[in-house]
Amino acid sequence: MNKNERLHALKILTQLLTEKSSLSQLMPATAEATPMTKEICFGFCRHYFRLQALAECLLQKKPKELEIWVALLIGLYQLHYMQVPDYAVVKETVSLLEKIKKPWAKGLVNAVLRNFCRQQNEILERLSNDPRFIHGQPQWLLERLQADWPDDWQAIAQANDMHPPMTLRVNVQKNSVAEYLQILNQEGIAAEPHPIAAAGITLTKPCDVRQLPGFAEGRVSVQDGAAQLAASLLSLKPGLRLLDACCAPGGKTCHILEKEPNLSACIALDVDRKRLKRVQENLDRLNLHANLVEGDALNPATWWDGQLFDRILLDAPCSATGVIRRHSDIKLLRNNEEIVTITKIQHNMLNCLWPLLAKGGLLVYATCSVMSAENEQQIANFVATHPDCTIIKESRTWGHATGHGQQILPGEQGMDGFFYAVLFKDKK
């Protein structure tokens, strides 16, 4: 391991905890993170509450200096989860304190890590009945999962700590799933068709996208199977006018255009100019075209031209509690109060976009959350206050029917946690 990789991880994680910025924001802002730095950062977040419990068994009180606390947990993560040799972890972690100009804490860190090495079995036995260590989730999240999913919360918590599969979306304008599977087989890349997503392929082992045949030419994209279901739920056909609200980074926009290239218009809306640039990059790689619009879904008067839409996809801002296995820092970045704020935004977006939908049109509401307040409760409240809105209820081979939409829980059929509701605007 390069001697700077731990230091790089320490700086990123300290910044995450102080600024509440995500790893996806912090890593591009620093020098290129190595695989080991990424492993430490994501693993630290994934197991933070377990690491905290371990540290508390070894400390009389938590260090006041955040960097020292982070250094300790980084050391414990390598010892317990990465199983790096004891001597290397202790030596390199202690040396970090010189680099961050806190040499006075070397004795403390050295003692804690060495004591863990000596007492590991006893400590693990002591924590064997500690819910923090067993489930590894923040307390607020665990309580909400238990309330919303009394029969499934343990499976959700377990799935949150698993490494997700790498799922591809085949561009059916350029090749079929069967053809691309054959290409992968010829390249020695093991894969199989996705059990639910019609254009999906799941790789046996993740790989760099640059290894995927034809990726640069737009033959395939990376997209979870659950996210791929949005395009099918829109019941696309030629000549429709479609709005993809909150479209960035553009995966669903591109899939819509791959599935139905003959829309009369595809308006891809997002409030963030930088994120729209990412959408354009994805469109360019796939040789697709959409009308990109910088605008706020909460304020249509600033961007809407007055023409009604036949289809609206509202991939709403959410807690992202269905994709923790991909973004383990969500455990440290979200809190209970934010759910209240997010649900208000979702409520307002639904109310702002519904008038833009033509009679007889469909609005597909989507989140990557498992929270009832963001999903079925949100839709139940909306339908109750909009007499011209009907939920389309169809039997699905995936997810859980909630009465007000379909919920996929993390890990089910290899997919991320997602919620979908298909809303029909009455013609009367």
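How far apart do the end C-alpha atoms of residues 269-296 lie, and what share of the span is helix and what share strand? In this predicted model, the two end C-alpha atoms of that stretch are separated by 8 Å, and the span is 50% helix and 21% strand. The stretch is the one at which UniProt, in an unreviewed entry, places the feature "coiled-coil region".

A second annotation from an unreviewed UniProt entry, "domain: SAM-dependent MTase RsmB/NOP-type", covers residues 156-426. For residues 156-426, the end C-alpha atoms lie 36 Å apart, with helix making up 27% of the span and strand 23%. The UniProt annotation "binding site", likewise from an unreviewed entry, covers C246, C247, A248, P249, G250, G251, K252, D270, D296 and D315.

Two of the residues named in the binding-site annotation, A248 and G251, may be described in turn. A248 is located in the loop that links strand 5 (241-245) to helix 13 (251-259). Its relative accessible area is 8%, and because a residue under 20% is classed as buried, A248 is buried. When neighbours within four places in sequence are set aside, A248 is in contact with D270, R275 and V279, and D270 is itself included in the binding-site annotation. G251, by contrast, belongs to helix 13 and is partly exposed, with a relative accessible area of 25%. Leaving aside neighbours within four places in sequence, the contacts of G251 are with R169 and Q223.

Helix 13 as a whole is largely enclosed by the rest of the structure, because seven of its nine residues are buried. The buried residues of helix 13 are K252, T253, C254, H255, I256, L257 and E258, and K252 among these is also listed in the binding-site annotation.

Part of the surroundings of helix 13 is provided by helix 14 (residues 273-286), for the axes of the two helices come within 9 Å and cross at roughly 30°. Since angles under 35 degrees count as roughly parallel, helix 13 and helix 14 are therefore roughly parallel to each other. The crossing in which helix 13 passes helix 14 is right-handed. At this packing, C254, L257 and E258 in helix 13 meet N282, L283 and L286 in helix 14, and by class the contact comprises four nonpolar residues, one polar and one charged.

Another helix pair is formed by helix 1 (residues 5-19) and helix 6 (residues 86-99), which pack at an angle of about 60° with their axes 10 Å apart. That angle makes helix 1 oblique to helix 6, and the crossing of these two helices is right-handed. On the side of helix 1 the contact is made by R6, L7 and L10, whereas helix 6 contributes A88, V89, E92, L96 and K99. The residues of this contact divide into five nonpolar and three charged, with no polar residue among them.

Within the annotated domain span, residues 156-426, a further loop position may be noted. H386 lies in the loop between helix 17 (376-384) and strand 10 (389-391), and at 14% relative accessibility H386 counts as buried. Apart from residues up to four places away in sequence, H386 touches N351 and W354.

Conventions. Residues numbered from 1 in each chain as written. Predicted model: local features only at pLDDT ≥ 70, side-chain atom pairs only at ≥ 80, totals over all residues. Heavy atoms only, no water. Axes fitted to C-alpha atoms, helices over the stretch in contact; angles between N-to-C directions. Helix = DSSP H or I, 4+ residues; strand = E, 2+ residues; numbered from the N terminus. Parallel < 35°, antiparallel > 145°, perpendicular 65-115°, else oblique. Left-handed = near helix turned anticlockwise from the far one by under 90°. Contact = heavy atoms within 4.5 Å. Nonpolar A, V, L, I, M, F, W, Y, C, P; charged D, E, K, R; others polar. UniProt positions renumbered as here; feature names shortened; annotations may be inferred. Buried < 20%, exposed > 50% of the residue type's maximum accessible area, 1.4 Å probe, protein only.
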